[in-house]
Amino acid sequence: MGVIKNLAASLIVIRQSSFRNNHKIIMSRRLHARRTDGVDKNVWVEFTQLAADYKAVNLGQGFPDFSPPQFIQDAFCKAISGGPQMHQYTRGFGHPPLVKNLAKFFSRIVGHDIDPLEDILVTVGAYQALFCAFQALVDEGDEVIIVEPFFDCYQPMVVMAGGKAVYVPLRPREGSTVLSSGDWILSAEELASKITSRTKAIVINTPNNPLGKVYKTEELQMIADLCIRHNLLCISDEVYEWLTYDGAKHVKIASLPGMWERTVTIGSAGKTFSATGWKVGWVISSGHLIKHMKTIHQNSIYHCATAAQEAVAHGFEREYEMFGNPESYFKQLPAMLHHKRKKLALCLQSMGLQPIMPEGGYFMITDISSVKVNLNDQSNTDEPFDFRFVKWLIKEKGLATIPVSAFYSPEHRKEFDKYIRFCFVKEDSTLDAAEDILRKWSQQE
Amino acid sequence: MSWKNVEYAVKLIVQVIMVAFTSLAADPSVVNLGQGFPDIPPPSYIKEGLAKAASEDRMNQYTRGFGHPSLVKALSQVYGKVYGRQIDPFKEILVTVGGYGSLFSTMQALVEEGDEVIIIEPFFDCYVPMVRMAGAKPVFIPLRLKPGKKTITSADWFLDPDELSSKFNSKTKAIIINTPNNPIGKIFTRDELQMIADLCIKHDTLCFSDEVYEWLVYKGHQHIKIATLPGMWDRTITISSAGKTFSVTGWKLGWSIGPEHLTKHLQTVMQNTLYTCATPLQEAVAQGLVLNYELMGQPECYFTSLAEELEVKRDRLATILQEAGMTPVIPEGGYFMLVDVTSLNLDLSHITDDEAYDYKFVKWMIKEKKLAAIPVTAFVGDESKKQFEKYIRFCFIKQDSTLEAAGNILKNWAKS
């Protein structure tokens with residue numbers, strides 16, 4: 001052990017010296033923890049930087065470039081000018097008014113009496129909710145089934161928790177032209193075949209990022225049946241839960257029989273109220289699962305910002321009263337995005353591209369295999385085609401998107417490297433600017 | 001992560017204790033000098049800055065993951081001046097969810113199974129569960145009272161050089177220091193920091209320096225950053241807090257500053273845990289820093305004016321406590337004060353719970369006297385409990401009316 005340690009230490013020294021040119025070697029030992037190995041690359045860090053550097057029209061990262069609704073902004077202002085307690089620590093597991101309103105709101109939807117103090121944990125965005133869930137529920141050697149394409153953080157989070165990611169892809173239906181996200185399906189046999197004695201959980205995201213698929217009740221039932229039969233947990237990322245189009249209905253897997261006690265449902269104020277910069281999220285689950293996530297939360301972040309939570313609490317109070325009404329933001333936002341989704345789709349189709357109409361969410365993916373372009377990049381032919389294409393599109397055309405193979409496992413990346421992802425939750429002017437770029441490009445061809 | 005570690009961490013979670021005491025003290029008739037947060041308002045420009053930021057569309061959406069550009073640039077400016085060196089805003093700074101988040105990112109990035117981490121007692125309670133969650137072993141060394149001294153000030157507590165040296169070995173990955181210290185209020189002197197630095201360099205160890213109370217330094221004392229000592233920049237992560245700097249603990253923003261080769265691993269943890277911090281809050285803190293950067297060295301600078309305001313409160317509380325027959329330990333920095341309750345000779349042997357004296361004392365004081373404090377053995381490991389069990393911790397970043405209310409209780413106590 002000592003020999004290997006010394007050898008490793010020497011190798012680190014050699015590597016460090018070659019990176020640091022003339023810098024003195026200050027520390028000869030390995031510095032960073034092994035849990036950070038292999039999780040240092042991040043598609044958002046890379047592409048957000050690139051989009052900023054080239055001042056590209058940004059249909060890449062998933063955030064609105066329009067403002068949050070007035071009522072939520074007003075709620076935030078009210079909280080800021082509220083009493084001194086608005087600027088000091090609140091309850092670590094969630095500001096009391098917020099957890100009360102979340103419990104009230106979602107109890108009605110899930111059909112289960114949600115205890116605000118036991119069954120809810122408020123987190124710094126859905127991102128931290130995912131982190132708490134994986135850290136609390138995944139142990140060394142556990143297997144976690146991830147449905148591809150997946151929001152990229154699931155994989156490094158499983159790895160950091162000591163678990164092993166096992167992938168099962170959504171596949172386009174055989175035979176038909178794939179025009180909608182509803183045409184991408186999960187094979188029950190393929191999913192069942194991935195379950196072993198070490199499988200701890202399955203992760204689903206509905207509506208799905210990047211595809212936009214909204215799982216139907218039958219599909220969720222199939223997954224639920226497997227979870228119950230094999231005693232698995234289900235981590236359900238539902239951050240886009242209000243954004244469904246063309247009559248698609250969002251169904252909570254936690255509401256299916258036998259699922260409440262084994263499902264961890266994750267939500268986001270950022271996506272719900274178009275305020276991604278507030279970083280308020282939550283996990284709702286049975287108390288016996290929440291308590292472990294509370295332990296993680298308490299020893300990593302402990303508290304979330306008070307004023308933002310107060311504002312979100314007001315947002316949910318308002319939406320509780322308005323639920324089902326046309327003035328409800330949960331109706332208005334999808335209606336507004338429905339139009340933008342159509343606008344982007346028409347634009348892409350007129351370019352000769354084939355977008356896959358999303359049933360829900362913020363994003364639309366499009367097949368770029370028909371695009372003839374000389375990428376002119378001597379640099380990195382190892383990189384998947386879509387990565388190289390997206391970089392070229394940013395640098396040469398000033399349009400930012402995200403390569404879809406970033407949402408696939410290393411083993412399947414090559415199969416799905418001909419799609420790019422657009423975010424359509426943007427002002428019409430941004431979509432127009434993108435349209436201009438695309439039109440000019442197609443005219444040049 | 002190893003469930004074993006988490007379960008053990010659960011046993012050590014002192015926050016559970018904090019939560020227990022918090023609910024005991026939640027009775028509105030209790031004067032609460034326990035919890036460590038201000039009941040005085042933050043400066044108005046800070047709140048206004050947040051309202052202004054929130055009114056801008058872009059400020060309500062995601063910003064740069066490792067820190068909002070205007071904030072890291074402001075931090076680079078302020079700390080560049082303090083450190084006397086150029087600090088790269090993008091590579092040498094990480095913005096986190098409070099000082100707490102910085103501690104977590106640092107531990108997860110740089111500490112793992114097989115490592116030992118030296119923790120100086122008394123310590124901010126989260127250090128131990130965080131070290132354990134990272135799979136490592138905490139090694140304790142207590143601050144000791146100088147012999148023959150009645151406890152008068154936090155400067156009377158010191159680290160025994162031989163004892164400290166004996167704690168370092170080849171497994172030691174890091175030492176955590178907290179200056180100004182919570183709960184004692186000690187500010188480590190240059191010599192003390194040099195002694196720690198010498199050991200870090202000799203044993204090739206990292207130093208995690210929790211300096212959240214860095215601006216709360218009282219007359220006659222100076223806060224020194226261990227990272228500025230020779231050979232230390234390359235092996236130190238320094239942690240700070242917007243909450244403590246601007247009296248906005250509920251904003252939960254902090255930052256880690258350190259060399260790129262360490263900071264980049266903290267950034268990796270960040271991008272795999274919560275990715276980014278809230279934008280409008282970061283923008284408001286950036287504005288607050290820019291404003292005070294211009295005022296640095298002048299009395300209107302909040303970094304100086306808050307310390308002056310608190311010094312008055314510190315002295316007032318100390319007087320109140322002395323008049324009640326208790327022995328306060330006057331802190332050199334921070335916003336806590338330790339109090340030795342030995343001289344009250346309170347016999348609590350009738351309380352048969354298996355708890356340290358200070359726990360029993362505080363619970364009794366909340367119930368009988370309607371005054372809340374925090375027991376100091378919550379901040380030490382098992383072996384040092386006997387050394388600290390006659391001390392309780394008061395927080396004095398409170399309105400004058402709160403301190404006077406405490407004064408009334410203590411005045412009546414002295415009479416009875």
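These questions and answers walk through a sheet and some aromatic contacts in a predicted model.

Student: In what order do the seven strands of the open sheet in chain A stand?
Tutor: Happy to start there: the pairing in this sheet is mixed. β2 (120-123) and β4 (164-169) of chain A each have a single partner strand, so they stand at the edges. The twist averages 20° from one strand to the next. Read across, the order in chain A is β2-β10-β9-β8-β7-β3-β4.

Student: Which residue of β10(A) stands opposite A:Leu121?
Tutor: Let's look at how the strands are joined. β2(A) and β10 (residues 281-285) of chain A run antiparallel, with four bridges between them. Opposite A:Leu121 in β10(A) stands A:Val283.

Student: What angle does helix α10 of chain A make with β2(A)?
Tutor: Helix α10 (residues 287-298) of chain A packs on the sheet, where it touches β2, β8, β9 (263-268) and β10 of chain A. Its direction and that of β2(A) make an angle of about 30°.

Student: Is the pair of A:Tyr240 and A:Phe363 edge-to-face or stacked?
Tutor: Good one to work through with the geometry. The ring centres lie 5.9 Å apart, with 85° between the planes. Planes over 60 degrees apart fall in one class and those under 30 in another, so with 85° this pair is edge-to-face.

Student: How many residues apart in sequence are the parts that this pair of A:Tyr240 and A:Phe363 ties together?
Tutor: A:Tyr240 lies in the loop between β8 and β9 of chain A, while A:Phe363 belongs to strand β12 (residues 363-367) of chain A. Both are buried, A:Tyr240 at 5% relative accessibility and A:Phe363 at 2%. Because of where the two residues lie, the parts they tie together are separated in sequence by 123 residues.

Student: Which residue of chain B pairs with A:Tyr302?
Tutor: This pair crosses between chains, starting from the loop between α10 and α11 (306-322) of chain A and reaching helix α5 (residues 98-110) of chain B. It is tilted, at 5.5 Å centre to centre and 35° between the planes. A:Tyr302 is buried at 13% relative accessible area, and its partner is buried at 8%. That partner is B:Tyr100.

Student: Over which ring does the charged end of B:Lys398 sit?
Tutor: There is a case in chain A too: the charged end of A:Lys213 sits over the ring of A:Tyr215, 5.3 Å from its centre. For B:Lys398 the distance from the ring centre is 5.0 Å, and the ring belongs to B:Phe37.

Technical notes: Residues numbered from 1 in each chain as written. Chains lettered and ligands numbered in written order. Predicted model: local features only at pLDDT ≥ 70, side-chain atom pairs only at ≥ 80, totals over all residues. Heavy atoms only, no water. Pairing = 2+ DSSP bridges. Axes fitted to C-alpha atoms, helices over the stretch in contact; angles between N-to-C directions. Contact = heavy atoms within 4.5 Å. Phe/Tyr/Trp six-rings, centres within 6.5 Å; stacked < 30°, edge-to-face > 60°. Buried < 20%, exposed > 50% of the residue type's maximum accessible area, 1.4 Å probe, protein only. Lys NZ or Arg CZ within 6 Å of the ring centre and 35° of its normal.
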